[in-house]
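Visitor: I should like to learn how to read a structural model feature by feature. Please give the general idea each time and then turn to the case at hand.

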Amino acid sequence: MKKFIALFLVLALSLAFAGCNSEPVDVKSEGVMTYAEYMAAEMDAEVVIEAYVQATQSWWDNKITVYAQDRDGAYFLYEMACSEEDSAKLTAGTKIKVTGFKGAWEGEVEIMDGKFEFVEGGDTYVAEPFDATALLGKDELIDHQNKLCAFKGMTVEKIEFKNGEPGDDIYVTLTKDGASYSFCVERYLTGPDTDLYKAVSELAAGSVVDVEAFLYWYQGANPHITAVAAAQ
């Protein structure tokens, strides 16, 4: 009997410990879609999601484009209505509720004509990069669209500036295992005044680098680079 009680206590403590150390889950408000429900929605349907800001493009004309993510997937919020005052509050980890319409452009699934509100008292979440290196060139890569991803051991093939000179987007061609992949430094995300823009501008062909990027899509994967460093 004593052995049984001791075993029961060990199991109970183990379960309690596991519960304390389990990954937190996203609790959605009433009427808010899960990521799976959002992905299953028809194109042009109205959608309501809650997610956490990961980064933003430049604010202009009372609009802002947001890279957002929850623990199940990621969202691209294209030109969401936003005041300049509120744009300054859309810092990494901030939880927002967004109502808009699901759309797609050149393969990029996004939320258009969005309006948002801050989720008061909500928790915060900044995603760790998902290592997508092994998925390059595979159909499964699109399942991680818009997530912050890592691509490791990439060789620089070519650096080109949109319009031929620094100041606009940078088109970056990287290779892995003999195949070439298109990346981009999006000027409205990481512009010419950022260290990232300058670092990518100076990359030499043949350099081997580790890259972090939001997995944007344009006629195929076209990740928006957020970090680059010599390969480890």
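**Reading the backbone, the cores and the charges**

Guide: Let us begin with a single residue: Gln219 lies in the loop between β10 and β11 (224-230). The model is a predicted one, and the values discussed here are computed from it.

Visitor: What is the sign of phi at Gln219?

Guide: The general idea comes first. Most residues other than glycine have a negative phi. In this case, Gln219 has a positive phi of about 55 degrees, although the residue is not a glycine. At a relative accessibility of 58%, Gln219 counts as exposed.

Visitor: In which element is Asp113 found, and what is its phi?

Guide: Asp113 belongs to strand β5, which covers residues 108-118. Its phi is near 50 degrees, again a positive value in a residue other than glycine. Asp113 is exposed, with a relative accessible area of 61%.

Visitor: How should the chain as a whole be described before further details are examined?

Guide: Start with its secondary structure, which comes to 4 helices and 11 strands. The C-alpha trace spans about 80 × 40 × 30 Å along its principal axes. The accessible surface of the chain comes to about 12,800 Å², and 54% of this belongs to carbon and sulfur atoms.

Visitor: How many residues does the chain have, and what percentage of them is buried?

Guide: The chain has 232 residues, and buried residues make up 41% of them. The sequence separation of contacts adds to this picture. Among contacts between residues at least 6 apart in sequence, 54% join residues at least 24 apart.

Visitor: How does one read a nonpolar core?

Guide: In soluble globular proteins, nonpolar side chains tend to be buried together. In this model, the largest nonpolar core has 23 residues, of which Phe151, Met154, Val172, Phe183, Val185 and Ile225 touch the most other members. At least two residues of this core come from each of β7 (148-161), β8 (170-176), β9 (179-185), α4 (195-201) and β10 (208-214).

Visitor: Which element gives the most to this core?

Guide: Strand β7 does, with 4 residues. Another core, of 21 residues, lies apart from this one, and Cys82, Ile96, Val98 and Val109 are among its members.

Visitor: With which residues is Ile225 in contact, leaving aside its neighbours within four places in sequence?

Guide: The contacts of Ile225 are with Val172, Phe183, Cys184, Val185, Leu189, Thr190, Leu196, Val211, Glu212 and Ala213. Val172, Phe183 and Val185 are listed with Ile225 among the residues that touch the most other members of the largest core.

Visitor: Is Ile170 buried or exposed, and where does the residue lie?

Guide: Ile170 lies in strand β8 and is buried, with a relative accessible area of 0%. Leaving aside neighbours within four places in sequence, Ile170 is in contact with Ile159, Glu160, Phe161, Phe183, Cys184, Val185, Tyr197, Val200 and Ser201. A C-alpha distance may be read beside this list: Ile170 and Ala199 are 29 residues apart in sequence and 11 Å apart in space.

Visitor: How should the charges be read?

Guide: One may begin with their overall placement. The chain has 18 positive and 39 negative charges, and the mean positions of the two sets are 7 Å apart. One may then turn to individual pairs: the structure holds 8 salt bridges.

Visitor: What does the salt bridge between Asp26 and Arg71 tie together?

Guide: The closest N and O atoms of Asp26 and Arg71 are 2.5 Å apart. Asp26 lies in the loop between α1 (2-21) and α2 (35-40), and Arg71 in the loop between β2 (63-69) and β3 (74-81), so the pair ties together parts that are 45 residues apart in sequence. Asp26 is buried, with a relative accessible area of 16%, whereas Arg71 is partly exposed, at 24%.

Visitor: How far apart are the closest N and O atoms in the bridge of Asp86 with Lys89, and in that of Glu160 with Lys158?

Guide: For Asp86 and Lys89 the distance is 3.6 Å. Asp86 counts as partly exposed at 23% relative accessibility, and Lys89 likewise counts as partly exposed at 41%. For Glu160 and Lys158 the distance is 4.0 Å. Glu160 is partly exposed, with a relative accessible area of 37%, and Lys158 is partly exposed, with 39%. Finally, salt bridges that share partners join Asp26, Arg71, Lys95 and Asp123 into one network.

Technical notes. Residues numbered from 1 in each chain as written. Predicted model: local features only at pLDDT ≥ 70, side-chain atom pairs only at ≥ 80, totals over all residues. Heavy atoms only, no water. Core = buried A, V, L, I, M, F, W, Y, C linked by side-chain atoms within 4.5 Å. Buried < 20%, exposed > 50% of the residue type's maximum accessible area, 1.4 Å probe, protein only. Contact = heavy atoms within 4.5 Å. Areas by Shrake-Rupley, 256 points an atom, 1.4 Å probe, with all protein chains shown as cover. Lys, Arg positive; Asp, Glu negative; His and termini not counted. Charge placed at Lys NZ, Arg CZ, Asp CG, Glu CD. Salt bridge = Lys/Arg side-chain N within 4 Å of Asp/Glu carboxyl O.
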